There are 2 protein chains.
Amino acid sequence: MTRARTTVVDIAHAAGVSKSTVSLVLQGSPLVNEKTREKVNSVIAELGYVYNRGAANLRQSRSKIVGIVVNDLTNSFFAELAVGMDLVVQSAGYVQFLAHSGESVDRQREVIASMRENGIAGLILSPARGTEAVDLKPLIDSGIPVVVVVRNLPGARVSTLLSDNYTGARAAVRHLVSLGHSRIGFMGGFLDTAVFAERLRGYRDALLEAGITVDDRLVIHSAPSRAGGVAAVERMVLLTDQPTAALCLNDAVAFGVCDGLRSAGIEPGKGFGVVGFDDVIEAKTAVPALTTVSVDPQGMGQRAAQLLLKQINAGGNEQESLVTSVRLVVRQSCGAPVKNNHLEELA
Amino acid sequence: MTRARTTVVDIAHAAGVSKSTVSLVLQGSPLVNEKTREKVNSVIAELGYVYNRGAANLRQSRSKIVGIVVNDLTNSFFAELAVGMDLVVQSAGYVQFLAHSGESVDRQREVIASMRENGIAGLILSPARGTEAVDLKPLIDSGIPVVVVVRNLPGARVSTLLSDNYTGARAAVRHLVSLGHSRIGFMGGFLDTAVFAERLRGYRDALLEAGITVDDRLVIHSAPSRAGGVAAVERMVLLTDQPTAALCLNDAVAFGVCDGLRSAGIEPGKGFGVVGFDDVIEAKTAVPALTTVSVDPQGMGQRAAQLLLKQINAGGNEQESLVTSVRLVVRQSCGAPVKNNHLEELA
DNA sequence: TGACAAATTTGGAACGTTCCAATTATGTCC
DNA sequence: GGACATAATTGGAACGTTCCAAATTTGTCA
């Protein structure tokens with residue numbers, strides 16, 4: 001049933017030319033006569049020939065495949081990032097291996113090895129927590145361009161594309177301060193990522209420049225997910241001197257914080273100001289609409305893919321580090337603090 | 001800089017054996033002597049050899065690559081579906097091309113063609129709206145197994161894996177009826193998908209068997225997304241005789257409906273019962289926690305991948321159609337109807 | 001028409017693996 | 001020690017393409 005594939009030789013034979021000519025037609029070479037081209041193309045259509053890119057890759061020792069490894073596809077930020085990459089990768093005639101590491105360094109290593117065996121021309125990696133620069137050493141040494149996105153990887157000879165976490169967080173907190181908030185929390189995330197560290201630094205600096213002393217009890221760690229946001233609020237309400245607003249590590253945490261506040265009988269955006277980070281697609285339609293720092297994940301994915309393709313085509317291995325600017329999008333979830341609200345009553 | 005790849009011949013030379021022996025070692029053949037195997041393996045490690053799967057595929061004319069095409073990766077249902085597939089695909093030693101069609105049939109055609117050129121061993125497809133059975137004809141005729149998931153494709157000679165939309169929708173509506181609701185809406189989705197049709201049928205039958213007449217004005221079409229849910233509520237509040245509850249096409253719509261209700265000053269789960277469909281990961285942590293029909297997207301992805309791998313290994317092309325059972329998960333969002341609530345006041 | 005240039009076509013080697021058939025090494029038994 | 005079975009190894013062809021150098025055809029000009 002799986003009868004022998006029709007190959008370039010079959011086409012050549014049927015069209016009365018040599019396989020070299022067919023190959024030339026296939027790659028759109030200007031060397032071939034117009035009439036011959038037409039003839040060959042019609043035979044190709046007639047026999048239902050499908051190009052064997054694997055054979056071509058073997059001969060040329062370069063492929064049209066890029067690898068993309070993302071740490072958590074179920075987080076819409078990363079899903080959108082992947083969609084952005086997909087867009088430019090596909091339209092450049094490439095195809096992508098897309099894998100999900102699920103924050104596991106082991107799994108990440110495996111999929112990268114597998115992609116390497118399959119001959120990727122380049123890799124875009126959003127590293128799993130705990131990834132080390134040496135993990136990428138062999139890949140990089142073999143001359144395959146690598147672009148690291150979202151989280152950085154100090155010490156690795158790779159190009160990186162990060163968002164301006166520090167400035168974004170600082171702008172968000174400044175805004176909360178301008179609304180009159182003075183006890184502001186930072187919710188979600190763990191110490192081990194650079195993203196967390198940078199956003200926290202922005203948060204701290206904004207407080208300091210406003211003359212507000214930083215209270216470390218208001219920095220509440222939790223998983224960087226919706227469930228983590230709920231958990232953070234549960235711990236927040238146990239504090240004696242509660243915040244009236246919070247910057248969240250990302251939008252997922254922010255949504256969880258809203259959920260948690262409601263469970264605690266607090267209306268997000270009224271009794272408590274919530275600001276997210278990322279500007280995921282749902283941020284706009286949520287109720288209350290989420291004030292957040294827009295990172296444009298899809299656009300970031302596109303830029304990352306463009307950067308990678310550029311490096312693949314250039315062949316050179318000079319690294320480039322880009323920081324994409326972010327902007328605060330003010331919506332409803334960051335309310336001004338309410339005097340004598342139930343939070344203050346509780347305190 | 002990209003110096004010549006080390007190949008099986010280099011290994012053979014360095015280990016003092018023939019390339020055939022190295023090949024045997026590579027595929028873990030029992031034919032090779034233990035000492036030789038060790039020697040070869042150590043040389044492999046030493047020279048940093050990386051296997052060229054492309055060359056192997058060429059020779060064997062079968063690959064370890066599966067294609068996965070999903071219509072909307074930004075919808076968490078599909079993202080989780082993809083993660084489930086990824087899990088089993090990877091651990092079976094395969095690697096996946098994962099592409100996003102964005103509901104575009106053209107784009108879908110392109111990516112499938114591209115995957116075919118790259119020699120996929122099988123395809124899992126969650127078809128874009130408007131996909132026809134003939135679109136897959138050439139692929140199927142070439143003997144490549146195809147598994148269609150989530151949406152079905154009548155007339156195509158493929159295996160399918162669908163969830164039991166009819167039963168799930170009926171169970172959800174029965175539950176709403178048992179809570180005392182009698183005006184129940186159906187929100188989100190368009191007529192052109194089978195998923196919509198089946199869920200709607202389940203909704204209708206449940207109403208009929210409860211002796212409730214079906215009012216077509218309560219079926220409100222909209223995009224199957226969070227934004228679509230918001231839009232549906234906006235249209236709902238214009239009705240003269242409003243529903244007290246709704247079954248939503250999927251969880252994304254249900255979240256949007258909750259958002260829309262809040263904007264309209266109605267508290268989901270209190271003044272209005274909302275039931276979703278899919279049981280996306282956020283359904284549990286949302287506030288109010290979403291009552292929904294659990295489809296277990298990740299598990300479904302796993303089953304789809306297993307089904308495909310089975311067909312790839314069997315080589316036969318007999319199709320199999322599975323319907324995965326679903327169950328209603330009752331949480332907080334489906335409240336009992338409130339007497340004299342503002343909805344009734346409006347009416 | 002002959003000479004030359006330009007345009008077009010072509011055979012064969014190469015890419016890195018697997019597989020077959022054949023060969024060589026090793027072990028066992030009387 | 002020879003005959004035989006078994007274990008282990010091996011050379012070469014094949015997979016479907018690209019690329020090179022060379023060959024062939026076509027066109028132009030005096």
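**A sheet with a helix across it, and two chains on DNA**

In this predicted model, helix H11 of chain A, residues 251-263, lies across four strands of chain A, namely S6, S8, S9 (273-278) and S10 (291-294). The helix runs at about 155° to S9(A). The sheet to which these strands belong is open and has six strands, in the order S7-S6-S8-S9-S10-S12 of chain A, with mixed pairing. Its edges are formed by strand S7 (219-220) and strand S12 (327-329) of chain A, each of which pairs on one side only. Strands of a sheet pair through backbone hydrogen bonds, in either a parallel or an antiparallel sense. One pair to look at is that of strand S6 (residues 184-187) and strand S8 (residues 245-248) of chain A, which is parallel and spans four bridges. Within this pair, A:Ile184 has A:Ala245 of S8(A) as its bridge partner.

A cis peptide bond is found in chain A between A:Val287 and A:Pro288, with omega about -5°. A:Pro288 sits in the loop between S9 and S10 of chain A, and these two strands are among those that H11 of chain A lies across. In chain B, the bond from B:Val287 to B:Pro288 is likewise cis, with omega near -5°, and B:Pro288 is placed in the loop between strand S9 (273-278) and strand S10 (291-294) of chain B. Another backbone feature is at A:Ser61, a residue other than glycine whose phi is positive, near 45°. This serine belongs to the loop between H4 and strand S1 (65-70) of chain A. For most residues other than glycine phi is negative, and most peptide bonds are trans.

Turning to the relation between the chains, chain A is superposed on chain B by a rotation of 180° with 0.0 Å of shift along the axis, at an RMSD of 0.1 Å. This is therefore the relation of a two-fold axis. The C-alpha of A:Phe97 is the nearest to the axis in chain A, at 2.2 Å. Both copies use the same surface, as 100% of the contact residues of chain A recur in chain B.

Both chains also take part in the surface near DNA strand C. Around this strand there are 27 residues, of which A:Thr36, B:Val8, B:Ser23, B:Tyr49 and B:Arg59 come nearest. By class, this surface holds ten nonpolar, eleven polar and six charged residues. Helices H2 (19-26) and H4 (53-60), in chain A and in chain B, each supply at least two residues to it. Sugar or phosphate accounts for 62% of the atoms of DNA strand C within 4 Å of the protein, and bases for the rest. At the backbone of the DNA, phosphate oxygens of strand C lie 2.4 Å from a side-chain N or O atom of B:Ser23 and 2.3 Å from a polar side-chain atom of B:Tyr49. A base is approached too: a polar backbone atom of B:Ala55 is 3.3 Å from a base nitrogen of DNA strand C.

For DNA strand D, the nearest of the 27 surrounding residues are A:Val8, A:Ser23, A:Tyr49, A:Arg59 and B:Thr36. Of the atoms of this strand within 4 Å of the protein, 63% are in sugar or phosphate and the remainder in bases. Phosphate oxygens of DNA strand D lie 2.4 Å from a side-chain N or O atom of A:Ser23 and 2.8 Å from a polar side-chain atom of A:Tyr51. Chain B reaches a base, with a polar side-chain atom of B:Ser20 at 2.8 Å from a base oxygen of strand D. Two or more residues of this surface come from each of H2 and H4 of chain A and H2 and H4 of chain B.

Note on methods:
Residues are numbered from 1 along each chain as its sequence is written. Chains are lettered from A and ligands numbered from 1 in the order in which they are written. This is a predicted model: local features need pLDDT of at least 70, side-chain atom pairs count only at pLDDT 80 or more; totals for chains, interfaces and linings use all residues. Side-chain values use heavy atoms; hydrogens and water are left out. Two strands pair if DSSP finds at least two bridges between them. Contact means heavy atoms within 4.5 Å. Axes are lines fitted to C-alpha atoms, for helices over the stretch in contact, and angles run from 0 to 180 degrees between N-to-C directions. Copies are superposed by least squares on the C-alpha atoms of residues with pLDDT of at least 70 in both. A residue is near a molecule or strand if one of its heavy atoms lies within 4 Å of it. A polar contact is a pair of N or O atoms within 3.5 Å; within protein, one must be able to donate a hydrogen and the other to accept it, and residues adjacent in sequence count only if both atoms are side-chain atoms. Ala, Val, Leu, Ile, Met, Phe, Trp, Tyr, Cys and Pro count as nonpolar, Asp, Glu, Lys and Arg as charged, and the others, Gly among them, as polar.
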